[in-house]
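Q: I'm new to this structure and would like a close look at one spot. Please start there, tell me what it touches, and then walk me on through the parts you find worth showing.

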Amino acid sequence: MSRKIWVFDTTLRDGEQVPGAKLNLYEKLEVAHQLKKLQVDIIEAGFPASSAGDFNAVKEIAMKVGDTDNIMITALARAVKADIDAVYNSVKYAEKPLIHMVLGTSDIHVEKKFGKSKNQILDIGVEAVKYAKTLLPEVQYSTEDASRSEFEYLWSTIEAVVKAGATMINVPDTVGYAVPEEFGELIFKLNDRLKNLNEKVLLSVHCHNDLGMATANTLAAIKNGADKVECTINGIGERAGNAALEEVVMALNTRSPFYNANTNINTKEIMNTSKLVSSLMGLDVQVNKAITGDNAFAHSSGIHQDGLLKSRDAYEIISPTEVGLDDMELVLTARSGRHAVKNALEKLAFNKLTDDQFEEIFADFLVLADAKKEVYNHDLYIIVEKYFARHDMNEEIHHHSENFYELLDLQVISNTIFPSASVKIKKGDQIFKSSTTVASGPIDALYSSIKEIIDIDIKLLEYKISSVSRGKEALGKVKLQVEYKGEKYIAKATDTDVIKASALAYINAVNSIIVDNLMPEISKEPIAQSL
(Lines give C-alpha, C1' and ligand atoms only; values in the text may rest on other atoms or scores of the structure.)
Protein backbone atom coordinates (compact mmCIF):
# COMPACT_ATOMS: atom_id res chain seq x y z
CA MET A 1 0.00 0.00 0.00
CA SER A 2 1.34 3.46 -1.00
CA ARG A 3 2.66 5.53 1.92
CA LYS A 4 1.43 9.08 2.53
CA ILE A 5 4.33 11.56 2.60
CA TRP A 6 3.71 14.79 4.49
CA VAL A 7 4.76 17.95 2.67
CA PHE A 8 6.13 20.72 4.90
CA ASP A 9 6.56 23.96 2.94
CA THR A 10 9.15 26.40 4.25
CA THR A 11 9.02 28.95 1.40
CA LEU A 12 7.89 31.65 3.83
CA ARG A 13 10.71 30.95 6.28
CA ASP A 14 13.79 29.37 4.68
CA GLY A 15 12.81 30.64 1.23
CA GLU A 16 12.40 34.18 2.49
CA GLN A 17 15.96 34.13 3.84
CA VAL A 18 17.22 34.71 0.28
CA PRO A 19 18.72 38.23 0.13
CA GLY A 20 16.19 40.64 -1.36
CA ALA A 21 13.27 38.22 -1.17
CA LYS A 22 11.61 39.70 1.92
CA LEU A 23 7.81 39.81 1.70
CA ASN A 24 5.42 42.15 3.46
CA LEU A 25 2.42 40.95 5.45
CA TYR A 26 -0.02 41.00 2.55
CA GLU A 27 2.38 39.21 0.21
CA LYS A 28 3.00 36.52 2.82
CA LEU A 29 -0.73 36.02 3.21
CA GLU A 30 -1.17 35.73 -0.55
CA VAL A 31 1.53 33.06 -0.79
CA ALA A 32 0.09 31.21 2.21
CA HIS A 33 -3.40 31.14 0.66
CA GLN A 34 -1.87 29.73 -2.54
CA LEU A 35 0.03 27.08 -0.57
CA LYS A 36 -3.31 26.11 0.94
CA LYS A 37 -4.72 25.67 -2.59
CA LEU A 38 -1.66 23.58 -3.39
CA GLN A 39 -2.69 21.41 -0.44
CA VAL A 40 0.58 21.28 1.46
CA ASP A 41 0.23 19.63 4.86
CA ILE A 42 2.26 22.14 6.88
CA ILE A 43 3.17 25.78 6.26
CA GLU A 44 6.19 27.17 8.08
CA ALA A 45 5.13 30.81 8.10
CA GLY A 46 8.28 32.49 9.42
CA PHE A 47 10.60 33.14 12.34
CA PRO A 48 8.44 35.19 14.75
CA ALA A 49 11.21 35.95 17.27
CA SER A 50 13.19 37.76 14.59
CA SER A 51 10.93 40.83 14.34
CA ALA A 52 7.50 42.22 15.20
CA GLY A 53 6.66 42.19 11.51
CA ASP A 54 7.39 38.49 11.14
CA PHE A 55 5.48 37.73 14.34
CA ASN A 56 2.40 39.55 13.01
CA ALA A 57 2.68 37.82 9.61
CA VAL A 58 2.77 34.37 11.24
CA LYS A 59 -0.17 35.31 13.46
CA GLU A 60 -2.25 36.52 10.47
CA ILE A 61 -1.47 33.36 8.52
CA ALA A 62 -2.46 31.21 11.52
CA MET A 63 -5.77 33.06 11.82
CA LYS A 64 -6.69 33.40 8.13
CA VAL A 65 -5.06 30.39 6.46
CA GLY A 66 -4.91 27.96 9.37
CA ASP A 67 -8.63 28.23 10.05
CA THR A 68 -9.19 24.60 9.05
CA ASP A 69 -7.90 21.28 10.27
CA ASN A 70 -6.72 20.41 6.73
CA ILE A 71 -3.48 22.31 7.22
CA MET A 72 -0.99 22.78 10.04
CA ILE A 73 0.72 26.14 10.71
CA THR A 74 4.14 26.39 12.31
CA ALA A 75 7.07 28.75 12.71
CA LEU A 76 10.71 28.37 13.69
CA ALA A 77 12.24 28.80 17.13
CA ARG A 78 15.68 28.29 18.56
CA ALA A 79 15.72 26.04 21.61
CA VAL A 80 15.19 28.95 23.97
CA LYS A 81 12.08 29.93 25.94
CA ALA A 82 11.63 33.39 24.35
CA ASP A 83 11.65 31.95 20.82
CA ILE A 84 9.28 29.14 21.77
CA ASP A 85 6.90 31.66 23.34
CA ALA A 86 7.00 33.76 20.17
CA VAL A 87 6.09 30.74 18.05
CA TYR A 88 3.31 29.67 20.41
CA ASN A 89 1.78 33.14 20.65
CA SER A 90 1.74 33.53 16.87
CA VAL A 91 0.60 30.05 15.74
CA LYS A 92 -1.88 29.30 18.55
CA TYR A 93 -4.71 30.85 16.50
CA ALA A 94 -4.54 28.06 13.93
CA GLU A 95 -6.81 25.02 14.14
CA LYS A 96 -3.69 22.82 14.04
CA PRO A 97 -0.66 24.71 15.41
CA LEU A 98 2.84 23.24 15.65
CA ILE A 99 5.97 24.44 17.44
CA HIS A 100 9.17 23.84 15.46
CA MET A 101 12.54 24.25 17.15
CA VAL A 102 16.08 23.71 15.95
CA LEU A 103 19.38 22.93 17.71
CA GLY A 104 22.66 21.69 16.21
CA THR A 105 24.04 18.20 16.74
CA SER A 106 27.28 18.17 14.73
CA ASP A 107 30.66 18.69 16.46
CA ILE A 108 31.11 21.87 14.41
CA HIS A 109 27.88 23.34 15.77
CA VAL A 110 28.20 22.05 19.32
CA GLU A 111 31.82 23.06 19.87
CA LYS A 112 32.36 26.02 17.53
CA LYS A 113 28.93 27.61 17.29
CA PHE A 114 27.69 27.07 20.84
CA GLY A 115 30.93 26.48 22.73
CA LYS A 116 29.28 23.85 24.94
CA SER A 117 29.62 20.13 25.57
CA LYS A 118 27.43 17.57 23.81
CA ASN A 119 25.66 16.74 27.05
CA GLN A 120 24.88 20.38 27.67
CA ILE A 121 23.38 20.79 24.20
CA LEU A 122 21.36 17.59 24.60
CA ASP A 123 19.97 18.82 27.93
CA ILE A 124 19.03 22.19 26.40
CA GLY A 125 17.11 20.41 23.66
CA VAL A 126 15.25 18.15 26.08
CA GLU A 127 14.24 21.04 28.33
CA ALA A 128 13.08 23.07 25.31
CA VAL A 129 10.85 20.21 24.13
CA LYS A 130 9.41 19.70 27.59
CA TYR A 131 8.54 23.39 27.79
CA ALA A 132 7.01 23.46 24.30
CA LYS A 133 4.84 20.44 25.21
CA THR A 134 3.27 22.46 28.02
CA LEU A 135 2.04 24.87 25.33
CA LEU A 136 1.02 22.66 22.39
CA PRO A 137 0.66 18.92 21.74
CA GLU A 138 2.55 19.00 18.41
CA VAL A 139 6.28 19.72 18.59
CA GLN A 140 8.93 19.22 15.91
CA TYR A 141 12.62 19.01 16.81
CA SER A 142 15.25 19.65 14.13
CA THR A 143 18.76 18.27 14.62
CA GLU A 144 20.63 20.96 12.71
CA ASP A 145 23.58 19.76 10.58
CA ALA A 146 22.53 16.14 11.18
CA SER A 147 24.30 14.88 8.04
CA ARG A 148 27.67 15.87 9.56
CA SER A 149 26.86 14.62 13.06
CA GLU A 150 28.34 11.61 14.83
CA PHE A 151 25.61 8.97 14.51
CA GLU A 152 25.33 7.72 18.07
CA TYR A 153 25.16 11.26 19.47
CA LEU A 154 22.56 12.16 16.84
CA TRP A 155 20.50 9.15 17.87
CA SER A 156 20.91 9.89 21.59
CA THR A 157 19.53 13.38 20.97
CA ILE A 158 16.57 12.06 18.97
CA GLU A 159 15.81 9.39 21.55
CA ALA A 160 15.91 11.93 24.39
CA VAL A 161 13.68 14.55 22.74
CA VAL A 162 11.14 11.91 21.64
CA LYS A 163 10.92 10.72 25.26
CA ALA A 164 10.47 14.38 26.22
CA GLY A 165 7.45 14.61 23.93
CA ALA A 166 8.58 15.55 20.38
CA THR A 167 6.04 14.31 17.81
CA MET A 168 8.16 15.00 14.72
CA ILE A 169 11.90 14.59 14.25
CA ASN A 170 13.54 16.52 11.42
CA VAL A 171 16.93 15.47 10.07
CA PRO A 172 18.46 18.35 8.09
CA ASP A 173 21.29 18.25 5.60
CA THR A 174 21.86 21.87 6.58
CA VAL A 175 24.81 22.65 4.32
CA GLY A 176 24.02 20.27 1.45
CA TYR A 177 26.93 18.00 2.36
CA ALA A 178 25.20 14.62 1.99
CA VAL A 179 25.06 12.34 -1.02
CA PRO A 180 21.98 10.18 -1.73
CA GLU A 181 23.45 6.77 -0.86
CA GLU A 182 24.92 8.04 2.40
CA PHE A 183 21.87 10.07 3.37
CA GLY A 184 19.53 7.20 2.52
CA GLU A 185 21.52 4.88 4.78
CA LEU A 186 21.39 7.44 7.61
CA ILE A 187 17.61 7.74 7.35
CA PHE A 188 17.19 3.97 7.15
CA LYS A 189 19.13 3.49 10.42
CA LEU A 190 17.32 6.33 12.20
CA ASN A 191 13.91 5.18 10.98
CA ASP A 192 14.54 1.64 12.17
CA ARG A 193 15.38 2.82 15.68
CA LEU A 194 12.72 5.56 15.80
CA LYS A 195 9.85 3.29 14.83
CA ASN A 196 10.90 0.81 17.51
CA LEU A 197 11.04 3.66 20.03
CA ASN A 198 7.71 5.30 19.05
CA GLU A 199 6.04 4.40 15.75
CA LYS A 200 3.76 7.46 15.89
CA VAL A 201 6.65 9.95 15.61
CA LEU A 202 7.12 11.30 12.08
CA LEU A 203 10.62 11.24 10.62
CA SER A 204 11.31 14.27 8.44
CA VAL A 205 14.16 15.55 6.24
CA HIS A 206 15.25 19.04 5.19
CA CYS A 207 17.85 19.03 2.40
CA HIS A 208 19.87 21.92 1.00
CA ASN A 209 21.19 22.13 -2.54
CA ASP A 210 24.81 23.26 -2.16
CA LEU A 211 26.05 20.32 -4.26
CA GLY A 212 22.93 20.14 -6.40
CA MET A 213 21.60 17.02 -4.66
CA ALA A 214 18.77 18.34 -2.47
CA THR A 215 15.99 16.64 -4.44
CA ALA A 216 17.99 13.42 -4.85
CA ASN A 217 18.77 13.29 -1.12
CA THR A 218 15.11 13.95 -0.25
CA LEU A 219 13.94 11.14 -2.52
CA ALA A 220 16.59 8.79 -1.12
CA ALA A 221 15.26 9.60 2.36
CA ILE A 222 11.68 8.78 1.29
CA LYS A 223 12.84 5.50 -0.19
CA ASN A 224 14.46 4.68 3.16
CA GLY A 225 11.52 5.47 5.42
CA ALA A 226 11.16 9.25 5.82
CA ASP A 227 7.53 10.22 6.49
CA LYS A 228 7.80 13.94 5.79
CA VAL A 229 9.79 16.25 3.51
CA GLU A 230 10.60 19.93 3.94
CA CYS A 231 10.71 21.83 0.66
CA THR A 232 10.34 25.25 -0.92
CA ILE A 233 8.65 26.43 -4.11
CA ASN A 234 11.16 26.69 -6.98
CA GLY A 235 13.82 25.35 -4.60
CA ILE A 236 14.57 28.81 -3.16
CA GLY A 237 16.33 29.22 0.16
CA GLU A 238 19.65 29.88 1.88
CA ARG A 239 22.69 29.86 -0.44
CA ALA A 240 21.91 27.38 -3.27
CA GLY A 241 18.42 26.74 -1.91
CA ASN A 242 16.38 23.78 -0.71
CA ALA A 243 14.80 20.71 -2.21
CA ALA A 244 12.20 21.96 -4.70
CA LEU A 245 8.68 20.94 -3.72
CA GLU A 246 7.59 20.54 -7.33
CA GLU A 247 10.52 18.25 -8.17
CA VAL A 248 10.00 15.96 -5.18
CA VAL A 249 6.23 15.74 -5.70
CA MET A 250 6.39 15.09 -9.44
CA ALA A 251 9.15 12.51 -8.98
CA LEU A 252 6.87 10.64 -6.56
CA ASN A 253 3.96 10.94 -9.01
CA THR A 254 5.95 9.90 -12.06
CA ARG A 255 7.89 7.06 -10.39
CA SER A 256 5.13 5.96 -8.02
CA PRO A 257 5.79 2.20 -8.35
CA PHE A 258 9.45 2.76 -7.40
CA TYR A 259 8.87 4.94 -4.36
CA ASN A 260 5.52 3.45 -3.34
CA ALA A 261 4.65 6.84 -1.85
CA ASN A 262 2.23 9.69 -2.53
CA THR A 263 1.38 13.22 -1.36
CA ASN A 264 -1.82 15.25 -1.03
CA ILE A 265 -0.45 17.97 -3.34
CA ASN A 266 -2.83 19.34 -5.96
CA THR A 267 -0.29 19.27 -8.79
CA LYS A 268 -2.42 21.44 -11.08
CA GLU A 269 -1.63 24.37 -8.75
CA ILE A 270 2.14 23.95 -9.06
CA MET A 271 2.67 26.49 -11.84
CA ASN A 272 0.35 29.06 -10.26
CA THR A 273 2.28 28.75 -7.01
CA SER A 274 5.64 28.93 -8.74
CA LYS A 275 4.72 32.08 -10.66
CA LEU A 276 3.28 33.79 -7.58
CA VAL A 277 6.37 33.12 -5.47
CA SER A 278 8.71 34.15 -8.30
CA SER A 279 6.78 37.36 -8.92
CA LEU A 280 6.38 38.49 -5.30
CA MET A 281 9.93 37.63 -4.28
CA GLY A 282 11.50 38.95 -7.47
CA LEU A 283 13.39 35.69 -7.99
CA ASP A 284 13.37 34.51 -11.60
CA VAL A 285 13.13 30.77 -12.21
CA GLN A 286 15.97 29.52 -14.40
CA VAL A 287 14.59 28.64 -17.82
CA ASN A 288 15.82 25.02 -17.71
CA LYS A 289 14.60 24.44 -14.13
CA ALA A 290 12.84 21.08 -13.79
CA ILE A 291 9.01 21.28 -13.73
CA THR A 292 8.64 25.08 -13.34
CA GLY A 293 11.22 26.48 -15.78
CA ASP A 294 10.02 28.17 -18.98
CA ASN A 295 11.64 25.47 -21.10
CA ALA A 296 10.64 22.48 -18.96
CA PHE A 297 7.88 21.50 -21.42
CA ALA A 298 8.99 23.44 -24.52
CA HIS A 299 10.49 21.58 -27.47
CA SER A 300 12.42 23.28 -30.27
CA SER A 301 14.71 20.51 -31.53
CA GLY A 302 13.48 19.08 -34.82
CA ILE A 303 14.31 15.52 -33.74
CA HIS A 304 12.36 15.94 -30.49
CA GLN A 305 9.42 17.65 -32.17
CA ASP A 306 9.20 14.88 -34.74
CA GLY A 307 9.24 12.22 -32.01
CA LEU A 308 6.61 14.02 -29.93
CA LEU A 309 4.27 14.41 -32.87
CA LYS A 310 4.53 10.68 -33.51
CA SER A 311 4.17 9.66 -29.85
CA ARG A 312 3.99 11.89 -26.78
CA ASP A 313 5.95 9.46 -24.60
CA ALA A 314 8.97 9.61 -26.94
CA TYR A 315 10.28 12.71 -25.14
CA GLU A 316 7.67 13.50 -22.47
CA ILE A 317 7.36 11.76 -19.10
CA ILE A 318 5.04 14.35 -17.52
CA SER A 319 2.09 15.99 -19.23
CA PRO A 320 2.27 19.79 -18.83
CA THR A 321 -1.40 19.77 -17.87
CA GLU A 322 -0.53 17.78 -14.72
CA VAL A 323 1.24 20.82 -13.25
CA GLY A 324 -1.27 23.41 -14.42
CA LEU A 325 0.15 24.35 -17.83
CA ASP A 326 -1.46 24.23 -21.24
CA ASP A 327 -0.50 21.36 -23.53
CA MET A 328 3.08 20.84 -24.76
CA GLU A 329 4.70 23.78 -26.53
CA LEU A 330 6.40 23.14 -29.85
CA VAL A 331 8.48 26.28 -30.34
CA LEU A 332 9.13 26.98 -34.01
CA THR A 333 12.78 28.00 -34.42
CA ALA A 334 15.52 27.48 -36.98
CA ARG A 335 16.12 24.07 -35.34
CA SER A 336 12.55 22.91 -35.96
CA GLY A 337 12.17 20.17 -38.51
CA ARG A 338 9.78 19.76 -41.40
CA HIS A 339 7.35 17.65 -39.38
CA ALA A 340 6.79 20.39 -36.77
CA VAL A 341 6.36 23.15 -39.38
CA LYS A 342 3.99 21.03 -41.46
CA ASN A 343 1.99 20.22 -38.32
CA ALA A 344 1.70 23.93 -37.48
CA LEU A 345 0.59 24.76 -41.02
CA GLU A 346 -2.03 22.01 -40.97
CA LYS A 347 -3.47 23.42 -37.74
CA LEU A 348 -3.92 26.69 -39.61
CA ALA A 349 -5.81 24.78 -42.37
CA PHE A 350 -2.91 24.77 -44.84
CA ASN A 351 -3.28 21.02 -45.12
CA LYS A 352 -3.23 20.45 -48.90
CA LEU A 353 0.20 21.79 -49.77
CA THR A 354 2.12 19.78 -52.37
CA ASP A 355 5.63 18.62 -51.50
CA ASP A 356 7.18 21.25 -53.76
CA GLN A 357 5.03 24.00 -52.28
CA PHE A 358 5.89 22.98 -48.74
CA GLU A 359 9.63 22.82 -49.46
CA GLU A 360 9.67 26.38 -50.75
CA ILE A 361 7.57 27.59 -47.81
CA PHE A 362 9.85 25.71 -45.41
CA ALA A 363 12.89 27.44 -46.92
CA ASP A 364 11.18 30.82 -46.33
CA PHE A 365 10.41 29.72 -42.78
CA LEU A 366 14.08 29.00 -42.08
CA VAL A 367 15.12 32.44 -43.33
CA LEU A 368 12.58 34.13 -41.03
CA ALA A 369 13.47 31.85 -38.11
CA ASP A 370 17.14 32.78 -38.38
CA ALA A 371 16.21 36.46 -38.23
CA LYS A 372 13.38 36.34 -35.67
CA LYS A 373 14.52 33.49 -33.36
CA GLU A 374 10.92 32.27 -32.74
CA VAL A 375 8.19 32.06 -35.37
CA TYR A 376 4.51 32.50 -34.50
CA ASN A 377 1.35 31.37 -36.30
CA HIS A 378 0.72 34.81 -37.74
CA ASP A 379 4.22 34.67 -39.24
CA LEU A 380 3.28 31.41 -40.96
CA TYR A 381 0.25 33.09 -42.54
CA ILE A 382 2.46 35.83 -43.92
CA ILE A 383 5.02 33.33 -45.26
CA VAL A 384 2.32 31.34 -47.07
CA GLU A 385 0.64 34.45 -48.48
CA LYS A 386 3.96 35.75 -49.80
CA TYR A 387 4.55 32.39 -51.45
CA PHE A 388 1.21 32.57 -53.25
CA ALA A 389 1.84 36.17 -54.26
CA ARG A 390 5.19 35.19 -55.83
CA HIS A 391 3.44 32.51 -57.85
CA ASP A 392 0.47 34.68 -58.90
CA MET A 393 -1.94 32.49 -56.93
CA ASN A 394 -3.54 35.23 -54.85
CA GLU A 395 -7.03 34.17 -55.80
CA GLU A 396 -6.52 30.88 -53.96
CA ILE A 397 -5.91 32.38 -50.55
CA HIS A 398 -7.71 34.72 -48.22
CA HIS A 399 -5.36 37.51 -47.14
CA HIS A 400 -5.39 36.99 -43.39
CA SER A 401 -2.19 38.99 -43.07
CA GLU A 402 -4.33 42.09 -43.52
CA ASN A 403 -5.65 41.42 -40.01
CA PHE A 404 -2.21 41.38 -38.38
CA TYR A 405 -0.36 44.31 -36.85
CA GLU A 406 3.23 45.28 -37.59
CA LEU A 407 5.37 47.74 -35.66
CA LEU A 408 6.86 50.41 -37.93
CA ASP A 409 8.31 52.89 -35.46
CA LEU A 410 8.16 54.01 -31.85
CA GLN A 411 9.42 56.70 -29.53
CA VAL A 412 9.37 56.41 -25.76
CA ILE A 413 10.37 59.12 -23.32
CA SER A 414 11.04 58.04 -19.76
CA ASN A 415 10.97 60.46 -16.85
CA THR A 416 9.49 60.62 -13.37
CA ILE A 417 6.80 63.20 -14.20
CA PHE A 418 5.42 62.66 -17.72
CA PRO A 419 6.53 59.36 -19.30
CA SER A 420 5.18 59.22 -22.84
CA ALA A 421 5.15 57.03 -25.92
CA SER A 422 4.30 57.35 -29.60
CA VAL A 423 3.91 54.42 -31.99
CA LYS A 424 3.37 53.89 -35.70
CA ILE A 425 1.74 50.57 -36.53
CA LYS A 426 0.68 49.00 -39.81
CA LYS A 427 -2.34 46.79 -40.40
CA GLY A 428 -2.73 45.64 -43.97
CA ASP A 429 -2.49 48.80 -46.10
CA GLN A 430 -3.44 51.07 -43.22
CA ILE A 431 -1.00 52.96 -41.02
CA PHE A 432 -2.00 54.11 -37.54
CA LYS A 433 -0.34 56.49 -35.13
CA SER A 434 -0.98 56.95 -31.44
CA SER A 435 0.53 58.83 -28.51
CA THR A 436 0.12 58.50 -24.75
CA THR A 437 1.26 61.18 -22.32
CA VAL A 438 -0.41 60.03 -19.10
CA ALA A 439 1.04 56.79 -17.74
CA SER A 440 2.73 55.29 -14.71
CA GLY A 441 5.94 54.51 -16.61
CA PRO A 442 7.47 54.10 -20.07
CA ILE A 443 6.17 50.57 -20.69
CA ASP A 444 2.69 51.53 -19.51
CA ALA A 445 2.78 54.48 -21.92
CA LEU A 446 3.99 52.23 -24.75
CA TYR A 447 1.32 49.61 -24.20
CA SER A 448 -1.40 52.23 -23.78
CA SER A 449 -0.46 53.69 -27.17
CA ILE A 450 -0.58 50.27 -28.82
CA LYS A 451 -3.91 49.38 -27.18
CA GLU A 452 -5.44 52.61 -28.48
CA ILE A 453 -4.74 51.39 -32.02
CA ILE A 454 -5.59 47.72 -31.75
CA ASP A 455 -8.79 48.29 -29.75
CA ILE A 456 -8.78 44.78 -28.23
CA ASP A 457 -9.55 44.39 -24.53
CA ILE A 458 -6.34 42.70 -23.38
CA LYS A 459 -5.23 42.31 -19.79
CA LEU A 460 -1.48 42.17 -19.15
CA LEU A 461 -0.79 39.43 -16.57
CA GLU A 462 2.98 39.11 -16.61
CA TYR A 463 5.88 41.13 -18.01
CA LYS A 464 9.51 40.07 -17.68
CA ILE A 465 12.81 41.33 -19.14
CA SER A 466 15.99 39.27 -19.18
CA SER A 467 19.37 39.49 -20.89
CA VAL A 468 20.34 36.74 -23.32
CA SER A 469 23.84 37.98 -24.19
CA ARG A 470 26.60 40.26 -22.88
CA GLY A 471 28.36 43.45 -23.82
CA LYS A 472 27.25 46.68 -25.45
CA GLU A 473 25.20 44.83 -28.06
CA ALA A 474 23.50 42.61 -25.49
CA LEU A 475 20.11 41.27 -26.51
CA GLY A 476 17.19 41.87 -24.19
CA LYS A 477 14.42 39.30 -24.15
CA VAL A 478 10.90 40.27 -23.17
CA LYS A 479 8.37 37.64 -22.20
CA LEU A 480 4.80 38.53 -21.37
CA GLN A 481 1.49 36.87 -20.71
CA VAL A 482 -1.84 38.46 -21.58
CA GLU A 483 -5.45 37.42 -21.16
CA TYR A 484 -8.26 37.85 -23.68
CA LYS A 485 -11.78 36.51 -23.09
CA GLY A 486 -10.54 34.13 -20.41
CA GLU A 487 -7.74 32.69 -22.59
CA LYS A 488 -4.08 33.28 -21.76
CA TYR A 489 -1.43 33.97 -24.38
CA ILE A 490 2.35 34.00 -23.99
CA ALA A 491 4.57 35.94 -26.37
CA LYS A 492 8.25 36.81 -26.54
CA ALA A 493 10.57 39.09 -28.50
CA THR A 494 14.28 39.81 -28.53
CA ASP A 495 16.12 42.99 -29.50
CA THR A 496 19.09 45.09 -28.45
CA ASP A 497 16.50 47.73 -27.52
CA VAL A 498 14.36 46.37 -24.67
CA ILE A 499 11.67 48.99 -25.33
CA LYS A 500 11.37 47.78 -28.92
CA ALA A 501 11.40 44.16 -27.71
CA SER A 502 8.56 45.06 -25.34
CA ALA A 503 6.49 46.46 -28.20
CA LEU A 504 7.24 43.49 -30.48
CA ALA A 505 6.28 40.98 -27.75
CA TYR A 506 2.99 42.78 -27.16
CA ILE A 507 2.18 42.83 -30.88
CA ASN A 508 3.11 39.12 -31.13
CA ALA A 509 0.56 38.45 -28.39
CA VAL A 510 -2.08 40.54 -30.18
CA ASN A 511 -1.49 38.69 -33.44
CA SER A 512 -1.75 35.34 -31.64
CA ILE A 513 -5.16 36.41 -30.34
CA ILE A 514 -6.20 37.39 -33.86
CA VAL A 515 -5.11 34.00 -35.19
CA ASP A 516 -7.21 32.18 -32.59
CA ASN A 517 -10.22 34.30 -33.45
CA LEU A 518 -9.73 33.61 -37.17
CA MET A 519 -9.77 29.84 -36.67
CA PRO A 520 -13.58 29.33 -37.01
CA GLU A 521 -13.47 31.28 -40.25
CA ILE A 522 -10.42 29.43 -41.53
CA SER A 523 -11.95 26.00 -41.01
CA LYS A 524 -14.73 26.89 -43.49
CA GLU A 525 -12.49 28.31 -46.19
CA PRO A 526 -11.96 26.52 -49.52
CA ILE A 527 -8.21 27.03 -49.22
CA ALA A 528 -8.02 23.86 -47.16
CA GLN A 529 -9.27 21.98 -50.21
CA SER A 530 -7.76 23.94 -53.09
CA LEU A 531 -4.06 23.84 -52.38
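**Starting at valine 40**

A: Leaving aside its neighbours within four places in sequence, valine 40 is in contact with Val7, Asp9, Leu35, Asn70, Ile71, Leu245 and Ile265. Keep in mind that what you're looking at is a predicted model.

Now step back a bit. Val40 belongs to the largest nonpolar core, a set of 90 residues. Val40 is also on the list of those with the most contacts inside that core, along with Ile43, Met101, Ile169, Val171 and Phe183. If you want to know who gives the most to this core, look at helix α6, residues 151–164, which puts in 9 residues. Apart from this core there's another one, made of 53 residues, and Tyr387, Tyr447, Ile458 and Ala509 are among them.

Let's see how one helix gets covered. In helix α3 (residues 81–91), the buried residues are Asp83, Ile84, Asp85, Ala86, Val87, Ser90 and Val91. What lies over them includes two helices, α2 (52–64) and α5 (118–133), plus two strands, β4 (72–78) and β5 (97–104).

Next, a pair of cysteines. There are 0 disulfides in the structure. The sulfur of cysteine 207 has its closest cysteine sulfur in cysteine 231, but at 8.5 Å that's too far for a bond, because a disulfide needs the two sulfurs within 2.5 Å. Seen from the other end, cysteine 231 is in no disulfide either, and its nearest cysteine sulfur is that of cysteine 207. Cysteine 207 counts as buried, at 1% relative accessibility, and cysteine 231 counts as buried at 1% too.

Rings come next. The model has 5 aromatic pairs. One of them joins phenylalanine 358 and phenylalanine 362, which are stacked, with 5.8 Å from centre to centre and 25 degrees between the planes. Both sit in helix α14 (residues 355–372), 4 residues apart, or about one turn of the helix. Phenylalanine 358 and phenylalanine 362 are both buried. Add Phe365, and you've got one aromatic cluster of Phe358, Phe362 and Phe365.

Further along the chain, you'll find an open sheet. It has 3 strands, in the order β13-β14-β15, and the pairing is antiparallel. β13 (405–413) and β15 (430–436) are at the edges with a single partner strand each, so one side of each has no neighbour in the sheet. On average, neighbouring strands here are turned by 10 degrees against each other, direction ignored. Zoom in on β13 and you'll see 8 bridges joining it to β14 (residues 420–427). Valine 412, for instance, stands opposite alanine 421 in β14. Helix α16 (residues 442–454) lies across β13, β14 and β15, and runs at about 35 degrees to β14.

Last stop: a lysine that's tucked away. Lysine 479 sits in strand β17 (residues 476–484). Is lysine 479 buried or exposed? Its relative accessible area is 12%, so lysine 479 counts as buried, the cut-off being under 20%. Setting aside neighbours within four places in sequence, lysine 479 is in contact with Asp294, Glu462, Tyr463, Lys464, Ile490, Ala491 and Lys492.

Technical notes:
Residues numbered from 1 in each chain as written. Predicted model: local features only at pLDDT ≥ 70, side-chain atom pairs only at ≥ 80, totals over all residues. Heavy atoms only, no water. Pairing = 2+ DSSP bridges. Axes fitted to C-alpha atoms, helices over the stretch in contact; angles between N-to-C directions. Contact = heavy atoms within 4.5 Å. Buried < 20%, exposed > 50% of the residue type's maximum accessible area, 1.4 Å probe, protein only. Core = buried A, V, L, I, M, F, W, Y, C linked by side-chain atoms within 4.5 Å. Phe/Tyr/Trp six-rings, centres within 6.5 Å; stacked < 30°, edge-to-face > 60°.
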